Amino acid sequence: MKNLRYAFASVSYHKKISFVIGACSTFFLFILTGILNLRDIERSFYTQVSSIINNTDYHTNYQKIMQMYSSIYLFILFIWMILITGLLFISLKLKKQDMMKWRIMGFSNRFVIKQSILESIIPMIIGIITTAVFLIVFQHTYEYILLHARPLLADKMGIKRVPFFSSKVIVESTPNQFINTAGDTYFLSMRISGLSVNTIFKAFTKNCLLLLAIATGITLSATYFLSKTSKKVFRT
């Protein structure tokens with residue numbers, strides 16, 4: 001409880017760097033969740049049509065698109081790691097005097113490390129809550145953004161959509177007339193609905209745990225580094 005009280009006081013005092021950490025967490029969490037949900041949309045669509053489509057180019061194109069999402073995800077995650085590392089190092093340096101006071105007051109290294117971690121993840125948790133509220137309140141807006149970003153990303157990466165319908169495939173939503181068809185004509189009924197709340201928050205939760213784990217690991221490393229450069233602060 002003492003750690004939490006000190007952590008909230010420190011976050012409130014160093015509000016500028018705390019705000020930047022929280023804002024970056026919100027932005028990257030939203031982007032990373034969106035990429036995973038784009039994969040979910042692509043996979044859902046492919047699952048519905050793959051069993052009846054005999055088009056090698058289409059199946060190859062699907063693999064390229066999924067690989068594209070994976071590459072973008074890893075790239076953005078890498079950018080996040082670089083950015084959060086810099087922000088956390090700046091944050092810990094700003095709070096170096098506070099750490100010195102805790103050591104003078106007789107607090108252990110374990111307390112200082114725990115305090116550093118709490119002060120790092122509290123702004124991130126606020127960013128996580130902000131993102132969660134947005135996804136709940138503006139779910140339809142979120143889906144709209146994803147559906148419009150889907151073809152744009154593919155075009156930017158040079159992946160062109162491959163048509164898979166032939167003249168013998170009829171796509172219909174609500175039939176309103178009789179159609180004369182040959183014996184080998186197929187009817188494809190496709191169900192393309194919005195993302196479920198469960199699908200959205202499955203991706204959201206995965207990213208939350210990943211970003212928090214990364215931030216915790218970086219904070220531990222940064223605190224250890226500072227302990228090596230400041231023996232006065234981290235005296236055992």
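This passage describes the nonpolar cores, one helix and the salt bridges of a predicted model.

The largest nonpolar core holds 40 residues, and those that touch the most other members are I21, Y69, L77, W80, I84, F204 and L211. Two or more residues of this core come from each of the helices α2 (15-49), α3 (56-94), α5 (109-137), α6 (139-156) and α7 (197-229), and the greatest contribution, 13 residues, is made by α3. When neighbours within four places in sequence are left aside, L211 is in contact with L29, L32, L77, W80 and M124. A second core, separate from the largest one, consists of 5 residues, among them M99, V112, A222 and L226.

Helix α6 has 18 residues, which at 1.5 Å a residue should span 26 Å, and this agrees with the 25 Å that separates its end C-alpha atoms. The helix nevertheless carries a kink of about 30 degrees at A149, shortly before the proline P151. Its buried residues are Q139, Y142, E143, L146, R150 and A154.

In the whole structure, 2 salt bridges are found. In one of them, the side chains of R150 and E42 meet at 2.9 Å, N to O; this pair links distant parts of the chain, since R150 lies in helix α6 and E42 in helix α2, 108 residues apart. Both R150 and E42 are buried. A salt bridge also joins the side chains of D40 and R43, at 3.1 Å from N to O. D40 and R43 are 3 residues apart in helix α2, so about one helical turn separates them. D40 is partly exposed, with a relative accessible area of 22%, and R43 is likewise partly exposed, at 34%.

Notes. Residues numbered from 1 in each chain as written. Predicted model: local features only at pLDDT ≥ 70, side-chain atom pairs only at ≥ 80, totals over all residues. Heavy atoms only, no water. Core = buried A, V, L, I, M, F, W, Y, C linked by side-chain atoms within 4.5 Å. Buried < 20%, exposed > 50% of the residue type's maximum accessible area, 1.4 Å probe, protein only. Helix = DSSP H or I, 4+ residues; strand = E, 2+ residues; numbered from the N terminus. Contact = heavy atoms within 4.5 Å. Expected span 1.5 Å × (residues − 1). Bend = angle between axes of the 7 residues up to and from the residue. Salt bridge = Lys/Arg side-chain N within 4 Å of Asp/Glu carboxyl O.
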